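Let's take a walk through this one together, with an eye on charged side chains and the helices that carry them. Have the viewer open and follow along.

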Amino acid sequence: MHRPLQPSKHISLPALHNSIPESIGVSVFNNSQLEIMEQLQSRGDDYDEACIAVSIDDGDLIFRRRKQQQGRKYVVLSPKLAFLLVSFSLGELGDGLNIFQGVYLVGLGWKEGSVGLALSLMGLTSLFVQPFAGDIVDRAAIDRRLFLVVASIVTALSASAIFLVQQGQHDHALIYSTKVIEGVASSFIAPCLAALTLATFGPHHFDRIMANNMFYGHIGSVAAAVIAGAVAFILYPKIKFCFLVIGVAALGALVIIPFLPQGDPLMGRGFQGKVAMDEYGQLERLESDESTVAIQNHSKDKPPQALPYWEVFSDPRTAILCSTGFFFHFANANVLLVLGELMSSSDNDDGTPRQSAIPLIAGAIVLAQITMAFATYIGDKLTLCGIGRKPLFLAGLVSLPIRCALIIIWKDRGDAWLLSTQILDGLGGGLCGLIHPYLIADITFGSGRFNVVSK
């Protein structure tokens, strides 16, 4: 692992005073951080409140602390739990229930080729836009949480355009255009969340927190699929109401995102920082500095310079990893859509998908996401035990061609056989989704190009 860091050192926090700085508005801080800001302000020192991580004793408990001063309220939320809740909500938002939308469009009279093209546009657009989105997230001076809010809203609104489609071969341009917009918007979600995680917890705890984020993201996808599948099955043939899950997921994300700490914005793009937070919410020093409590992680007068793009991408490790990730996602993009068409191929007499196809499709998503959650959990434990990243990454890659081969072999053997191939989808998605950002962080930390290379 290539991370030129000094051993971490916990910062000793002073006793709490009662006053709250005049300059601080509504924010997310606990008592210890408010005390640090008071001390810095009383000394006339400059500080960035976003670089003061939220700390709670057990790191997992939600609680509220309200202190009135000139009508202001302070609400404290465990940052670890805030990241998990946001990941859960974004997991529910997911790909906008793409495969359910495919079933719905077929029921409206769309041809399978048109449906396949519509559903492919989001994934392919996201795949090609992702590096540019990561670069924008790295270079932008505005709060990354704002990026995450806007991306969540646009993704949800674009996916909700399905409600506007009329019966028959109509509104192709609407769906095609909104799927492209949805792909662009969703491509900002992963780099924003990864950058905020790195900015808050630093490189020492990035792996662990990212694994938790991914685990609960998969659980969110399971919840969305179960709820959408149940609603669609109960209300069949009026299955469009299942897409209300998208709006609920977006709303949940919008409520929790403001509770995410911004952390050190420069450390979030892969620069060396001085202060981060551990898994339990305690501030720790990443570089030795015995004279003061370092809140400011960089000099505003001389901000660090990122490495040139050519120097980053000409690194053989980066080139190999980016190429591998691109071809894996390119090959995997439409396998679930093909599987959905195979499992719903026996339509009703009027050409609409049969009712039993809905729980099958929901089951395919649930089985894959549960396996992904399991693979993420096991992969995290194995890395903590010292198992190398490469064997786990290769295991995830190998699962895809095996899965495709089994779908071809079993396409006429029944839905249960086809459904079982989703276990391999879960293994591949879980392991590759977990290890890929680990490898990116290992290679690019210190370069300032972390999100450009990410997925």
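What follows is a short tour of helix packing, salt bridges and one arginine without a partner.

Keep in mind that this is a predicted model. A good place to begin is with two helices, α7 (residues 189-235) and α12 (residues 357-384), whose axes come within 9 Å and cross at roughly 170 degrees. Anything over 145 degrees counts as roughly antiparallel, so that is how α7 and α12 run relative to each other. As for handedness, the crossing of α7 and α12 is left-handed.

Now for the charges. Side chains of opposite charge can pair when their charged atoms come close. How many salt bridges does the structure hold? The count is 10, and a couple of them start from helix α7.

Take arginine 208 and aspartate 380: they form a salt bridge in which the closest N and O atoms are 2.1 Å apart. Arginine 208 sits in α7 and aspartate 380 in α12, so this pair ties together parts that are 172 residues apart in sequence. The two ends are not equally covered: arginine 208 has 22% relative accessibility and therefore counts as partly exposed, while aspartate 380, at 4%, is buried.

The residue just before arginine 208 has a partner too. Aspartate 207 makes a salt bridge with arginine 389, with 2.8 Å between the closest N and O atoms. Here α7 is linked to helix α13 (residues 389-410), so the parts tied together are 182 residues apart in sequence. Both aspartate 207 and arginine 389 are buried.

For a contrast, look at aspartate 412 and lysine 411, whose salt bridge has its closest N and O atoms 3.2 Å apart. Aspartate 412 is exposed, with a relative accessible area of 67%, and lysine 411 is partly exposed at 43%. Elsewhere, Asp135, Arg139 and Arg449 are joined into one network by salt bridges that share partners.

That leaves the odd one out. Arginine 144 belongs to helix α5 (residues 144-159). Does a salt bridge go with its position, or is it buried without one? Arginine 144 is buried and has no salt bridge. The nearest side chain of opposite charge is aspartate 138, 4.6 Å away, and a salt bridge needs the nitrogen and oxygen within 4 Å. Leaving aside neighbours within four places in sequence, the contacts of arginine 144 include Asp138 itself, along with Val137, Cys192, Ala195 and Leu196. Pro265, Gly268 and Arg269 are also among its contacts.

How values were computed: Residues are numbered from 1 along each chain as its sequence is written. This is a predicted model: local features need pLDDT of at least 70, side-chain atom pairs count only at pLDDT 80 or more; totals for chains, interfaces and linings use all residues. Side-chain values use heavy atoms; hydrogens and water are left out. Helices (H or I, at least four residues) and strands (E, at least two) are DSSP runs, numbered from the N terminus. Buried means under 20% relative accessible area, exposed over 50%, partly exposed in between (1.4 Å probe, protein chains only). Lys and Arg count as positive and Asp and Glu as negative; His and the chain ends are not counted. Contact means heavy atoms within 4.5 Å. Axes are lines fitted to C-alpha atoms, for helices over the stretch in contact, and angles run from 0 to 180 degrees between N-to-C directions. Angles under 35 degrees count as roughly parallel, over 145 as roughly antiparallel, 65 to 115 as roughly perpendicular and the rest as oblique. A crossing is left-handed if the near helix is turned anticlockwise from the far one by less than a right angle, and right-handed if clockwise.
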